[in-house]
Amino acid sequence: MYQAEQILKKYFGYDSFREGQETLVDGILNGQDVLGIMPTGAGKSICYQIPALLLPGMTLVVSPLISLMQDQVFSLNQAGVRAAYLNSSLTPGQYRTALKYMRQNQYKIVYVAPERLLTESFLDAIQDMDISLVSVDEAHCISQWGQDFRPSYLKIPDFVHILKKRPVIAAFTATATREVREDILALLNQQDPITLITGFDRENLRFTVRQPADKWQAALEVIREHEQECGIIYCLTRKLVEEVCESLVRAGYLATRYHAGLSDEERHHNQDDFLYDRQQIMVATNAFGMGIDKSNVRYVIHYNMPKNIESYYQEAGRAGRDGLPSDCVLLYAGQDVVTNNFFIDKMEAPEDADEETAKVIRERERERLKKMTWYCFTNDCLRDYILRYFGEYGSGYCGNCSNCLTKFREEDVSETARNLIGFVKACSWNYGLVTITDAAHGSRSSKILKAGLDQNPYYGSCSNVPLPKLRQIMNHLAAQGDLKITDDRYPVVRLTSGSDEILQGRQVVMKMAEELPKTAPGKTELSDKAGKKGGRPADHLQGDMDRGLFERLRTLRLEIAREEKVPPYIIFSDKTLVQMCLLKPKSKTEMLRVSGVGEVKYEKYGERFLTALSEET
Ligand code: ADP
Ligand code: ZN
């Protein structure tokens with residue numbers, strides 16, 4: 001292990017392994033298969049890169065995404081490791097050259113796209129090589145249960161079978177559901193692997209849900225809190241991406257866009273602008289981000305609620321990969337549910353799915369959407385909600401999400417609940433949530449009058465409760481199982497056994513946000529509490545740190561990144577720069593103590609950063 005730690009320091013500049021990394025590195029070095037299930041940003045790549053440097057033969061990394069491979073190879077080369085990738089972004093000439101070097105044992109690590117594995121040229125090149133380790137990145141792609149099933153992943157076991165000597169097989173993913181895990185083990189033929197599941201919690205992320213009257217203003221507030229920092233804004237539709245991006249540009253922000261309707265060329269160009277810090281804000285649909293490893297994203301705003309918690313956590317998780325405090329803000333509106341339901345209707349089933357399977361898949365999607373919606377309505381700890389979704393148990397209070405940071409008071413809503421349930425019970429037909437709350441509130445819309453709902457004895461019985469609050473109570477009842485919202489194309493509200501208990505007198509107590517005065521909404525208290533858990537990004541950066549110095553180091557990093565033609569975060573992460581500002585190293589020894597500064601990088605850039613650090617302002 002000692003040796004592994006030395007390598008970690010030398011090439012990557014880190015002093016110690018993180019939770020779980022050591023177990024997996026150890027396992028691989030002892031010749032055992034491993035399965036690492038770790039959330040995005042936990043540091044999966046180190047787990048196979050360190051063994052790759054210590055094992056006698058070469059390591060093949062199977063990866064589904066071109067951008068991810070390029071990023072990793074850039075980073076490795078920067079750290080002084082010889083690595084290459086083999087995928088469709090190379091010209092035939094480049095591809096042949098890479099294969100040739102590989103054959104000459106020039107690389108310790110080669111990233112390869114799954115569809116290349118069984119090609120003649122690749123098999124030919126690999127024939128006499130010593131392959132110590134095959135590492136499968138994003139291993140959930142092999143499972144049809146997962147979201148990103150890639151049939152070419154099924155070629156991996158066939159490929160391994162062809163090899164003369166069976167290498168160690170390592171698999172990594174951030175998707176933790178049981179079905180997926182079992183699929184990976186079975187399909188990859190892993191032998192008695194060391195399986196490690198690390199916590200899914202990302203402590204540095206602060207989760208916020210808002211239901212603002214004006215999303216644009218709400219988004220601007222977040223952006224203004226992160227002036228000069230990078231962020232991503234996710235929208236559900238291309239049209240909205242265009243609108244938001246345009247408005248940002250008009251407001252003077254450095255913003256760019258990404259969605260499937262743009263040409264490959266523009267997408268590529270815009271993505272690079274963002275990665276290379278030429279643009280600060282990326283406005284995108286969910287088409288953006290797979291394999292993006294930009295570590296200094298300080299906030300992710302969801303302009304719409306995404307389709308499920310898996311997507312949400314993956315997208316929000318692109319904030320703060322360097323471990324610094326970052327914001328994840330979801331801006332909810334009722335329309336988001338409608339849009340997502342529309343997408344589910346339009347969803348294309350996998351080619352080989354029969355009608356019955358397609359139906360099941362849709363139902364599953366609606367179930368997931370419902371859980372996502374409840375996330376927007378819960379008054380409990382948001383982090384806890386997410387962790388429970390992934391089968392983990394949190395503490396119930398994180399102190400770093402909008403619910404933990406909001407004052408709630410308990411309110412007895414039994415009467416309103418009885419009126420709503422009474423309304424549903426008195427109906428001779430099934431209606432959706434909006435129709436019911438509208439009618440209970442006393443709406444005279446033509447739809448309600450036509451359906452004769454004004455004849456319902458409970459019509460208008462909740463007219464003294466504001467509509468948004470009525471919907472909140474309905475959602476609360478549904479989340480508690482005291483009402484059921486069906487999974488149909490037009491979901492309707494039905495009674496459950498819990499409904500009767502409430503009609504018979506069971507109390508319903510709900511946490512309601514305290515209405516704070518409009519000005520300065522409890523700011524002092526907010527930042528106070530947040531401080532315990534790392535505080536806000538801006539506070540953190542401003543704290544004891546010389547902001548001017550940080551900016552100068554950032555400029556130097558950008559300069560070097562341009563010379564080297566790689567994204568700035570590949571030179572040093574924000575976290576490393578922050579540490580430099582705090583520790584103010586004066587010598588090589590001191591500089592090497594900064595997390596993220598390894599020997600190779602010191603040789604390349606150490607002096608320039610030392611000089612910048614010594615310059616007085
Ligand atoms: P994942 O693939 O799990 O999403 P990465 O491998 O991209 O995560 O790692 C996320 C970030 O954490 C990277 O910037 C990486 O350099 C950093 N990191 C990984 N291991 C360590 C460690 N032991 N100490 C400090 N930083 C680390
Ligand atoms: Zn919380």
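Helices in these notes are DSSP runs of H or I with at least four residues, strands are runs of E with at least two, and both are numbered from the N terminus. I am working from a predicted model.

**Entry 1: a loop with positive phi**

I began with the loop between α8 (178–187) and β7 (194–197), which is where N189 sits. Its phi is near 60 degrees, a positive value in a residue other than glycine. I then found D192 in the loop between α8 and β7 as well. For D192 I noted a positive phi of about 45 degrees, although this residue is not a glycine. I flagged the pair because most residues other than glycine have a negative phi.

**Entry 2: around ligand 1**

Next I asked which residues are the closest to ligand 1. They are Y14, S16, G41, S45 and R321, out of 15 residues that surround the ligand. Sorting the shell by character, I got 5 nonpolar, 6 polar and 4 charged residues. I also checked which element gives the largest share of that shell, and it is helix α3 (residues 44–54), with 3 residues.

Then I looked at backbone atoms. A backbone N or O atom of S16 is 2.9 Å from a nitrogen atom of ligand 1. On the oxygen side of my list, G43 places a backbone N or O atom 3.0 Å from an oxygen atom of the ligand, and K44 has one 2.9 Å from an oxygen atom of the ligand. How much of ligand 1 does the protein bury? Taken alone, the ligand exposes 570 Å², and 84% of that is buried by the protein.

**Entry 3: the parallel sheet**

I moved on to an open sheet of 6 strands and traced its order as β8-β13-β12-β9-β11-β10, with parallel pairing. Which strands stand at the edges? They are β8 (205–210) and β10 (255–258); each has a single partner strand, so one side of each is left without a neighbour in the sheet. I noted the turn between neighbouring strands too: 15 degrees on average, with direction ignored.

Within the sheet I picked out one pair to follow. Strand β9 (residues 230–234) runs parallel to strand β11 (residues 281–284), and the two are joined over 4 bridges. Following I233 across, I reached V283 as its bridge partner in β11.

Last, I looked for what packs on this sheet and noted helix α10 (residues 238–250), which touches β9, β10 and β11. The direction of α10 makes about 170 degrees with that of β10.

How values were computed:
Residues numbered from 1 in each chain as written. Chains lettered and ligands numbered in written order. Predicted model: local features only at pLDDT ≥ 70, side-chain atom pairs only at ≥ 80, totals over all residues. Heavy atoms only, no water. Near = heavy atom within 4 Å. Polar contact = N/O pair within 3.5 Å; in protein donor to acceptor, adjacent residues only side chain to side chain. Areas by Shrake-Rupley, 256 points an atom, 1.4 Å probe, with all protein chains shown as cover. Nonpolar A, V, L, I, M, F, W, Y, C, P; charged D, E, K, R; others polar. Pairing = 2+ DSSP bridges. Axes fitted to C-alpha atoms, helices over the stretch in contact; angles between N-to-C directions. Contact = heavy atoms within 4.5 Å.
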